[in-house]
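Please look through the structure shown below before reading on, and keep it in view while the paragraphs lead you from one part to the next.

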Amino acid sequence: MMNENYNGVEPQKGQIAPKARTESAESLGSKSESRSSLAAHGDEKPGDVGQVKFTKNADDAAVEIGAVDVAFAGMGKEELMKYANDPFWIRLRWTLFALFWLCWIAMLVIAIVIVVLAPKCPAPAPLEYWQKGVVYSVNPKSFQDSGANQDGKGDLKGIMGRLNHFVHLGVNMISISPIFKTASEEPLYGQDIDNFLEINPSYGELQDLKDLTAAAKQEGLKIILDLPFNHVSKHHAWFNQSVADATGECGDCFVWAEGKAGGPPNNWVSIFGGSAWTLDPTRNKYYYHIYGPDQPDLNLRSDKVKRELKSVAKFWLDQGVSGLRLLSVPYFYESANTTLDEKAIPGVTPNAYASLDHIYTKNLDETYNFIGEIRAVLQEYEDKDGDHRVLFVEAEDTEGVSAMKYYGDATASPPRPLADLPVNSKFIRKQAGFTGIQLKDEISAYLEEVSGVQGWPNWVLGNRDTERMAYRLEAKLIDAMAMVQLLLPGTPFTYYGDEIGMKDVAPVGGSLEACPTGNKLTATSHCNQARSPYRWDSSSTAGFTNASAPWYPIGGNIDTINAEHQMGMANSYLNIYRELVNLRKQPAIMHGTMSFSNVTNDDIFAFTRIRKGAPGYLVVLNLGENQAIVNFSNDPSIPSEAQAVVRSSMAVSNSTTKGSKLNTASVPVGSSEGLVLSFVPQF
């Protein structure tokens, strides 16, 4: 007879296994709940837990599985110690431990090798403040009248009262035109200094300069003084001593020579035309003057003169100025042999300065040596406090090799630095009408010259002796040329007022004419039309003075051509200038490469500034009379899309507004407009 409570043991031979019955999910669930209920009431025996039971009734059989209650307690201490002390497991643990540290050290070594050997962007050479910044040239007579003497003329206190203007612009150097005591109230062309150690009373006094330099340093600004070391006034004490006593201490402070055949010693001519020699009746000798007879040249071959000039430089450095700009530098020396005539140039009006080849009176080797001596004076101050004193030189009408020699010799051992910057005069007298290709050629040639001597470029578009940029190049080009000047490699020089688009102003009762140059120069020549008072606001005296009238007319268009008005306009000369100055801080502008863009339109001038890991910039100028669509798709460094960053204030195209995205295969640039685009460079 069969057991009704089959306990899972296979039936013996001859026995018949019960039929399996398939339970539905509901029935199984019901039985499961029933068993759970029984277990909860203690009806299920402990021995039944986890057992498999076969049950049979008259009709079918069922398989019942008891609930499983498993509790894992892990290995005991004795079991663990058995494995922990087993030699196999000990070796395995130490092997894995060693492999972990070997792998970690290997990854560290690989990482170091990658860092050391992987190609990387070279660190940019550190730049000095005079390389990173902007020089702002001030004519003190015309910048701001403090009202100290109510004379309608600017002064040093006036400059100090306007230091916030320089900070607002973002410039960091202020170059001040000569402020020294002169023999004449209106200094002669080229200056006629009466005393190098006295300030012209109309500009203030020595304490005013000390206060200015101290206040400027508080604002992060450097004051640079212009010094005309080539000559002095005929009324200077040194000249009087030289005339009175040929054998005295100052007997050789000037260039004296015997006449020849009843006339001057040679054929050397003055910048103003005519002989550069004048007979002094007291000493009965001729004295040399590259400018006028009232401006005798100092003899820098004299030890006393060199000592005195170095003392002058030290005196002003002691007052807190951060550097010097030497004027009329090419004329510092002339041949010691005053019997030599200079070769005439055929076809040029006789007795004009341009009529001779100035091989004995201009850019002599001794001039460069003297610049080195002044450099050494400035270096003494730098060695004391680590603050670099800049040295700029005005080498007017000097180009090519002669100009580049003022940088010194970077290849010498040790290097022989001279001037930080020989001021670049290539564009000071540039007139409107040049094409894009002409501008490219001139800039390219200059940069090549500077690179050849490992110098630092600079860009000057105006000064006190020539017409303003807005007069020469027309107002519509102001923004475009500012883009060139401020975004090319090098240090820009801004002439006061150019940042607001000031134009030349005619004198009372007079008319505008080109400032005198060449044969038209005389001792009384000036360019006052480019020296009119700065326009601070739209009042009758432009905020320049509280006096009844300024020393020179203010001029027209005062409602818009003034700083106050333009500060409030996003799209003004002033604010575009500020944007460009701020853009100079970008790595691509400060340290990036510069490449000219090859375009097919001769009216277009364009260049890029690129540095790896930083946004690149494309500067485009249209110097033509018509709008141009420029294609830059052939430039491998420029992607298909760029963004407008700055454009000329007179631009009208809706597609080049600030922030607009442009297709670089078709960039629209209006006539006389400039445009700056940013892009992600392709390498």
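**A walk through the chain**

Asp194 has a relative accessibility of 19%, and because buried means under 20%, this residue counts as buried. The model in which it sits is predicted, and Asp194 makes a good starting point, for its side chain forms a salt bridge with Lys181, with 3.1 Å between the closest N and O atoms. Asp194 belongs to strand 7 (residues 193–199) and Lys181 to strand 6 (residues 180–182), so the pair ties together parts that are 13 residues apart in sequence. Unlike its buried partner, Lys181 is partly exposed, at 26% relative accessibility. Side chains of opposite charge can pair when their charged atoms come close.

Let us step back to the chain as a whole. It has 683 residues, of which 48% count as buried, and its secondary structure comes to 18 helices and 26 strands. Among the contacts in the chain with a separation of 6 or more, 69% are made by residues 24 or more positions apart. About 33000 Å² of the chain is exposed, and carbon and sulfur atoms supply 54% of that area.

One stretch carries a label from a record: an unreviewed UniProt entry annotates residues 96–118 as a "transmembrane region". In the model this span is 96% helix and 0% strand, and its end C-alpha atoms lie 32 Å apart.

Next comes a sheet. Eight strands form an open sheet with parallel pairing, and their order is 16-13-12-8-5-4-18-17. Strand 16 (421–422) and strand 17 (458–460) stand at the edges with a single partner strand each, so one side of each is left without a neighbour in the sheet. For strand 16, the pairing with strand 13 (residues 390–393) is parallel and runs over two bridges, and there Val393 stands opposite Pro422 of strand 16. Helix 11 (residues 365–385) packs on the sheet, where it touches strand 12 (323–326) and strand 13, and its direction makes about 155° with that of strand 13.

Which residue of helix 11 meets Lys314 of helix 10 across 66 residues of the chain? The residue is Glu380, which links these distant parts of the chain through a salt bridge with an N to O distance of 4.0 Å. Both members of this pair are partly exposed, Glu380 with a relative accessible area of 39% and Lys314 with one of 32%. Helix 10 (residues 303–318) also holds a pair of its own, since Glu308 and Lys304 both lie in it, four residues apart, or about one turn of the helix. Their salt bridge brings the closest N and O atoms to 2.9 Å; Glu308 is partly exposed at 26%, whereas Lys304 is buried at 9%. Beyond these pairs, Asp226, Arg325 and Glu394 are linked in a network of salt bridges, and a search of the whole structure finds 22 salt bridges.

Is helix 17 (residues 573–583) largely enclosed or largely open? Eight of its eleven residues are buried, so this helix is largely enclosed by the rest of the structure. The buried residues of helix 17 are Tyr573, Leu574, Asn575, Ile576, Tyr577, Leu580, Val581 and Leu583.

Some details of the backbone also deserve attention. Most residues other than glycine have a negative phi, and most peptide bonds are trans. Ala261, however, has a positive phi near 55°, and this residue is found in the loop between strand 9 (256–257) and strand 10 (277–280). Asn363, which is not a glycine either, has a positive phi of about 55° and is found in the loop between strand 12 and helix 11. The surroundings of these two residues can be set side by side: Ala261 counts as exposed, at 84% relative accessibility, while Asn363 is buried, with a relative accessible area of 13%. The peptide bond from Ser413 to Pro414 is cis, with omega near 0°, and Pro414 is placed in the loop between strand 14 (408–409) and strand 15 (416–417).

A last stop is the loop between strand 18 (491–495) and helix 16 (563–567), where Ser511 has its place. Ser511 is partly exposed, with a relative accessible area of 48%, and its C-alpha atom is separated by 9.3 Å from that of Gln529, which is 18 residues away along the chain.

How values were computed: Residues numbered from 1 in each chain as written. Predicted model: local features only at pLDDT ≥ 70, side-chain atom pairs only at ≥ 80, totals over all residues. Heavy atoms only, no water. Buried < 20%, exposed > 50% of the residue type's maximum accessible area, 1.4 Å probe, protein only. Contact = heavy atoms within 4.5 Å. Areas by Shrake-Rupley, 256 points an atom, 1.4 Å probe, with all protein chains shown as cover. UniProt positions renumbered as here; feature names shortened; annotations may be inferred. Pairing = 2+ DSSP bridges. Axes fitted to C-alpha atoms, helices over the stretch in contact; angles between N-to-C directions.
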